[in-house]
Amino acid sequence: NTLASTLQDLPVDSSVQFWDGSAFQAVSRVPDFLGSWSGLAGGATDVSPGKAFFVSIPSGTVTNTWVGEVLTGDLTNSMTAGFNFVGNQAPIAGGADAIGLGAAMAVDDSVQKWDGSGFVSYSKVPDFLGTWSPSEPIINVAEGFFVSLASASDWTQTVTVD
């Protein structure tokens with residue numbers, strides 16, 4: 001689950017941005033015959049399930065097919081206080097509460113999702129129902145997003161395959 005093994009078909013001059021806890025760090029596809037990467041950690045950058053990142057391509061459309069085994073058991077994203085850039089480890093889409101993310105969050109914690117032109121923020125509301133404002137965020141499979149927490153927390157999902 002490294003950048004070099006999973007996104008090897010991105011065109012030259014593509015970049016991938018990773019969140020380091022305070023800012024984005026970028027790696028770029030360089031124009032050499034190896035199609036290598038320059039920048040943060042080179043081709044060894046971790047893109048395991050649950051890790052989030054942005055991909056920018058110079059033009060056109062790229063299709064990347066992800067294959068592998070579905071992770072099972074208790075899947076945990078450990079999140080620190082502050083901004084965490086995370087993804088859903090399970091191939092399950094749904095509301096933040098339905099996929100277990102809401103349980104890892106306290107009142108006034110928030111989720112920020114990129115809508116193509118900016119971030120949309122969803123906050124836990126201080127009421128006895130544990131609702132969201134403006135609405136409960138829907139988390140899609142393979143979608144990365146920010147979670148802002150006042151205190152560290154673990155987002156755990158239990159996945160079983162029948």
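How many salt bridges does the count come to? In this predicted model, the count comes to three salt bridges, and the structure also holds 14 aromatic pairs. Five strands form an open antiparallel sheet, and the largest pocket encloses about 960 Å³ of space. The points below take up the pockets, the sheet, the charged pairs and the aromatic pairs in turn.

**Pockets**

- The largest pocket, with about 960 Å³ of space, is lined by 30 residues, and those closest to its centre are V47, P49, W66, N88 and A142.
- Strands β4 (54-56) and β6 (82-87) each contribute at least two residues to the lining of the largest pocket, and that lining divides into 17 nonpolar, ten polar and three charged residues.
- The second largest pocket has a volume of about 270 Å³, and among its 15 lining residues W19, K51, A52, F85 and V86 lie nearest the centre.
- For the second largest pocket, β1 (15-19), β5 (73-79) and β6 each supply at least two lining residues, while the composition of the lining is six nonpolar, six polar and three charged residues.
- Strand β6 thus appears in the description of each pocket, with at least two residues in the lining of the largest and at least two in the lining of the second largest.

**Sheet**

- The open sheet has the strand order β6-β12-β8-β9-β10, with antiparallel pairing; its edge strands are β6 and β10 (132-133), each of which pairs on one side only.
- Within this sheet, the antiparallel strands β8 and β9 are joined by five bridges, and K113 stands opposite V120 in β9.

**Salt bridges**

- As a general background, side chains of opposite charge can pair when their charged atoms come close.
- The side chains of D46 and K51 form a salt bridge with an N to O distance of 3.7 Å; D46 counts as partly exposed because its relative accessibility is 33%, and K51 counts as partly exposed because its relative accessibility is 44%.
- K51 therefore has two roles to note, since this partly exposed residue, at 44% relative accessibility, is also one of the residues nearest the centre of the second largest pocket.
- A salt bridge also joins the side chains of D97 and K124, at 3.9 Å from N to O, and this pair links distant parts of the chain, with D97 in the loop between β7 (94-95) and β8 (110-114) and K124 in strand β9 (residues 119-124), 27 residues apart.
- Is each partner of the D97 and K124 bridge buried or partly exposed? D97 is partly exposed, because its relative accessible area is 36%, whereas K124 is buried, because its relative accessible area is 9% and the limit for a buried residue is under 20%.
- The side chains of E143 and K113 meet at 3.3 Å, N to O, in a salt bridge that again links distant parts of the chain, E143 lying in the loop between β11 (138-139) and β12 (144-149) and K113 in strand β8, 30 residues apart.
- Both E143 and K113 are buried, and K113 is the residue that stands opposite V120 in β9.

**Aromatic pairs**

- Among the 14 aromatic pairs, W19 and F146 form an edge-to-face pair, with 5.0 Å from centre to centre and 90 degrees between the planes; W19 belongs to strand β1 and F146 to strand β12, 127 residues apart, and the pair thereby links distant parts of the chain.
- W19 counts as partly exposed because its relative accessibility is 23%, whereas F146 counts as buried because its relative accessibility is 6%.
- The pair of F54 and F119 is edge-to-face because the ring planes stand at 75 degrees, with the centres 6.4 Å apart, and an angle over 60 degrees is what that class requires.
- F54 in strand β4 and F119 in strand β9 are 65 residues apart, and their pair links distant parts of the chain; F54 is partly exposed at 23% relative accessibility, and F119 is partly exposed with a relative accessible area of 41%.
- Ring pairs link W19, F24, F54, F83, F85, W114, F119 and F146 into a cluster, and two of its members, W19 and F85, are among the residues nearest the centre of the second largest pocket.

Key: Residues are numbered from 1 along each chain as its sequence is written. This is a predicted model: local features need pLDDT of at least 70, side-chain atom pairs count only at pLDDT 80 or more; totals for chains, interfaces and linings use all residues. Side-chain values use heavy atoms; hydrogens and water are left out. On a 1 Å grid over the protein atoms alone, a cavity is a set of points where a 1.4 Å probe fits but cannot get out, and a pocket is an open set with protein on both sides within 12 Å along at least five of seven lines; lining residues have an atom within 4 Å of a point. Grid points are joined across faces, edges and corners, and a volume is the space filled by probe spheres set on the points. Helices (H or I, at least four residues) and strands (E, at least two) are DSSP runs, numbered from the N terminus. Ala, Val, Leu, Ile, Met, Phe, Trp, Tyr, Cys and Pro count as nonpolar, Asp, Glu, Lys and Arg as charged, and the others, Gly among them, as polar. A salt bridge is a side-chain nitrogen of Lys or Arg within 4 Å of a carboxyl oxygen of Asp or Glu. Buried means under 20% relative accessible area, exposed over 50%, partly exposed in between (1.4 Å probe, protein chains only). Two strands pair if DSSP finds at least two bridges between them. Rings of Phe, Tyr and Trp (its six-membered ring) pair if their centres lie within 6.5 Å; planes under 30 degrees apart count as stacked, over 60 as edge-to-face and the rest as tilted.
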